[in-house]
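Colleague: I have just opened this entry and would like to learn how to read it, one feature at a time. Could you take me through it slowly?

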Amino acid sequence: MSWIDQFPGLSRLPEDIRSYLLSESNIVTVPADTVIFGPGKSPENLLLLLEGTVRVQQTSDTGREIVLYRVHAGESCVLTTACLLAYEDYSAEGIAETQTRAVAIPRAAFDKLVSDSVAFRQFVFTAYSKRITDLFLVIEEIAFRRLDIRLAHKLIELAGDGDIVLSTHQKLAVELGSAREVISRQLQEFQRRGWIEQSRGTIRLMDRDQLSGLAQS
């Protein structure tokens, strides 16, 4: 089984297209915390993640950062796809949150496959449309959903099955597209209510039921 079979949309490719894709692509390993791409850079490859996570974030003119989305194993980056299709430079940056293995499909091979293969083109645009929908949800949350609700949801998400969140106020602000001071005030309010306890770089969930109730409101 080749890496192609890890991506359902590619596993249906005809044998000649599969062979071309395998011969033209390379598998690359990227260490954690590496900036994979950034504003003003043009994409050279379409990356399909095999292992790891890539965080895509944008910085405003005022210096405020926001996480747009994450790319996980079995996915591609919608921003890279858009830039390849439009021949434009990146407007955001992608950072490897963990050590990452990915398939790099060079621009020339990407252009040929999009032009020649219906199955490959369908794979690209299906992934593209799904991620665009996710981005609209991010915009909707920032524009219309109360910050306290979003913060409660993020704390529960980051804690997973436990009660500990290892994060700073600044990192939470980036995740939620807010200012650190605003996040700090809201966390202080959660602590006043007895829902959380805070120490340096750590937040302990003391009343998960109350946070869940707020997150679902």
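Colleague: Which helix lies across E9 and E10, and at about what angle does it run to E9?

Modeller: Please keep in mind that this is a predicted model. The helix is H8, residues 180-192, which lies across E9 and E10 and runs at about 125° to E9.

Colleague: What is the order of the strands in the open sheet that holds E9 and E10, and which pairing does it have?

Modeller: The open sheet has 3 strands in the order E8-E10-E9, and the pairing is antiparallel. Its edge strands are E8 (164-166) and E9 (196-199), each of which pairs on one side only, and from one strand to the next the twist averages 20°. Between E9 and strand E10, residues 202-205, there are 4 bridges, with the two strands running antiparallel; to see one such pairing in the model, look at Gln198, whose bridge partner in E10 is Ile203.

Colleague: How should I describe two packed helices, and at roughly what angle do the axes of H7 and H8 cross?

Modeller: In general, two packed helices are described by the angle between their axes and the distance between the axes. Here the axes of H7 and H8 come within 8 Å and cross at roughly 110°, which makes H7 roughly perpendicular to H8. On the H7 side the contact involves His169, Gln170, Leu172, Ala173 and Leu176, and these meet Arg180, Ile183, Ser184 and Leu187 in H8. Sorted by class, the contact of H7 with H8 has 5 nonpolar, 3 polar and 1 charged residues.

Colleague: Which residues of H7 are buried, and what do they pack against?

Modeller: One general idea helps when looking at any such helix: an α-helix has 3.6 residues a turn, so residues three or four places apart point the same way. In H7, the buried residues are Leu172, Ala173, Val174, Glu175 and Leu176. The buried residues of H7 pack against E4, E5, H5, H6, H8 and E10. After H7 comes Gly177, whose phi is positive, near 65°.

Colleague: Which residues touch the most other members of the largest nonpolar core?

Modeller: That core has 21 residues, and Leu155, Leu187, Phe190, Ile196 and Leu211 are the ones that touch the most other members. Two or more residues each come from helix H6 (147-159), helix H7 (169-176), H8, E10 and helix H9 (208-215), and H6 gives the most, with 7 residues. To follow one member outward, take Leu187, which, leaving aside its neighbours within four places in sequence, is in contact with Leu151, Leu155, His169, Leu172, Ile196, Gln198 and Ile203. Apart from this core lies another one, of 20 residues, among them Ile17, Ile105, Phe110 and Val124.

Colleague: What is the strand order in the open sheet that contains E7?

Modeller: The 3 strands of that open sheet stand in the order E1-E7-E3, with antiparallel pairing. Strand E1 (26-30) and strand E3 (45-51) are at the edges with a single partner strand each, so one side of each is left without a neighbour in the sheet. The twist in this sheet averages 35° from one strand to the next.

Colleague: How many bridges join E7 to E1, and how many pair it with E3?

Modeller: E1 is joined to strand E7, residues 100-106, by 5 bridges, and the two run antiparallel, while E3 and E7 pair in the antiparallel sense over 6 bridges. On the E1 side, Val30 stands opposite Thr100 in E7, and Ile27 stands opposite Val103; on the E3 side, Leu49 stands opposite Ala102. Of the 7 residues of E7, 5 are buried, so this strand is largely enclosed by the rest of the structure.

Colleague: Is Thr81 buried or exposed, and which residues does it touch?

Modeller: Thr81 is found in helix H3, residues 78-86, and with a relative accessibility of 2% it counts as buried. Not counting residues up to four places away in sequence, Thr81 touches Leu46, Ser76, Val124 and Tyr128. The buried residues of H3 are Val78, Leu79, Thr80, Thr81, Cys83 and Leu84, and they pack against strand E2 (35-37), E3, strand E4 (53-59), strand E5 (65-72), helix H4 (107-116) and helix H5 (118-144). Following H3 is Tyr87, with a positive phi near 55°.

Definitions and conventions: Residues numbered from 1 in each chain as written. Predicted model: local features only at pLDDT ≥ 70, side-chain atom pairs only at ≥ 80, totals over all residues. Heavy atoms only, no water. Pairing = 2+ DSSP bridges. Axes fitted to C-alpha atoms, helices over the stretch in contact; angles between N-to-C directions. Contact = heavy atoms within 4.5 Å. Core = buried A, V, L, I, M, F, W, Y, C linked by side-chain atoms within 4.5 Å. Buried < 20%, exposed > 50% of the residue type's maximum accessible area, 1.4 Å probe, protein only. Parallel < 35°, antiparallel > 145°, perpendicular 65-115°, else oblique. Nonpolar A, V, L, I, M, F, W, Y, C, P; charged D, E, K, R; others polar.
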